[in-house]
Amino acid sequence: MAQVRLSGPYSGDRVTGSECVATKLDGELVIERIGAERLSDYCAVPSLVEVESILEVKEVDEGFGGLAMKLVPVPTPYIRNYDSYGHTPADWPAKWNVSNWCFFLATVDRKPVGAACVVTRTPEIRMLDGRDDLGVLWDIRVSPEYKRRGIGKALFDALVQWCREQGLKMLKIETQNVNVPACRFYASQGARLGAIHRFAYADATWSRPDVRDEVMLLWYYKL
Ligand SMILES: CC(C)(COP(=O)(O)OP(=O)(O)OC[C@H]1O[C@@H](n2cnc3c(N)ncnc32)[C@H](O)[C@@H]1OP(=O)(O)O)[C@@H](O)C(=O)NCCC(=O)NCCS
């Protein structure tokens with residue numbers, strides 16, 4: 001069993017000191033907080049989902065019973081690449097003011113294998129709902145060959161600790177009904193499904209045709 005070492009590049013920025021966590025890895029996993037100048041390392045980790053089933057959303061009793069979700073297989077499995085939807089992490093600093101954003105990189109024996117980003121206190125980000133006590137988990141990713149070995153959890157633990165240190169009270173997470181692995185992951189970390197938005201991506205003025213039928217799922221984690 002390998003150990004997880006959590007570190008930060010700047011004094012005062014350490015994530016959790018020398019806490020060690022067992023993982024299913026052979027090498028040394030380091031989770032570190034990085035600055036925007038290292039987003040090229042972040043981009044070395046792809047964000048790929050194997051879509052084999054989706055959470056189908058249906059109205060119950062014409063909506064009077066709310067919405068129900070059911071896991072159904074897709075006829076033709078496919079790969080979703082989140083980096084093909086507009087911007088990659090390297091584009092974020094040019095598009096938004098990232099001074100209150102926090103980036104994490106996970107390496108195994110110094111090789112980037114996972115990454116995560118939390119957005120806080122950025123007025124132009126509507127997902128923050130104008131709140132200063134809310135963080136948005138903007139992105140989390142683990143390289144395909146390193147999935148299911150505890151790296152996502154190690155990243156999540158590190159970013160939760162950072163959010164708490166910032167005085168945030170809630171973490172908001174957006175995903176889609178086609179990303180069942182992410183839903184399972186967020187649920188396993190203790191996040192709770194807060195909203196099912198069926199038509200969030202239906203606006204043809206900005207959304208791509210292949211995502212217009214997807215359903216936005218918002219998960220919330222109490223910090
Ligand atoms: C979501 C993601 C970051 C999870 O990372 P990970 O390192 O594989 O997750 P972990 O190994 O820490 O998993 C922790 C727990 O989450 C749950 N989980 C994670 N992936 C799962 C899957 N595919 N199916 C079922 N449960 C899953 C399990 O309970 C798991 O614990 P276990 O392995 O002991 O059963 C990873 O799947 C990923 O990179 N996905 C592509 C990018 C993406 O979808 N990002 C989110 C966009 S909204």
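This report describes the ligand shell, the nonpolar core and helix α4 of a predicted model.

## Basis of the model

Residues are numbered from 1 along each chain as its sequence is written. Because the model is predicted, local features need pLDDT of at least 70 and side-chain atom pairs count only at pLDDT 80 or more, while totals for chains, interfaces and linings use all residues.

## Shell around the ligand

The ligand is surrounded by 20 residues, each with its C-beta atom, placed from the backbone, within 6 Å of it. Gly 152, Lys 153, Pro 181, Arg 184 and Ser 188 come nearest. Two or more residues each are given by β4 (48-59), β8 (134-142), α3 (151-165) and α4 (180-188); helices (H or I, at least four residues) and strands (E, at least two) are DSSP runs, numbered from the N terminus. The most, five residues, come from α4.

## Helix α4

Ala 182, Cys 183, Phe 185 and Tyr 186 are the buried residues of α4, where buried means 20 or more other C-beta atoms within 10 Å of a residue's own, exposed 12 or fewer, and partly exposed in between, with C-beta atoms placed from the backbone. These buried residues fall within an arc of 160 degrees seen down the helix axis, so they line one face of α4; the arc is that of the directions from the axis to the C-beta atoms.

Arg 184, Ala 187 and Ser 188 are exposed on the other side of α4. Just after the helix, Gly 190 takes a positive phi of about 100 degrees.
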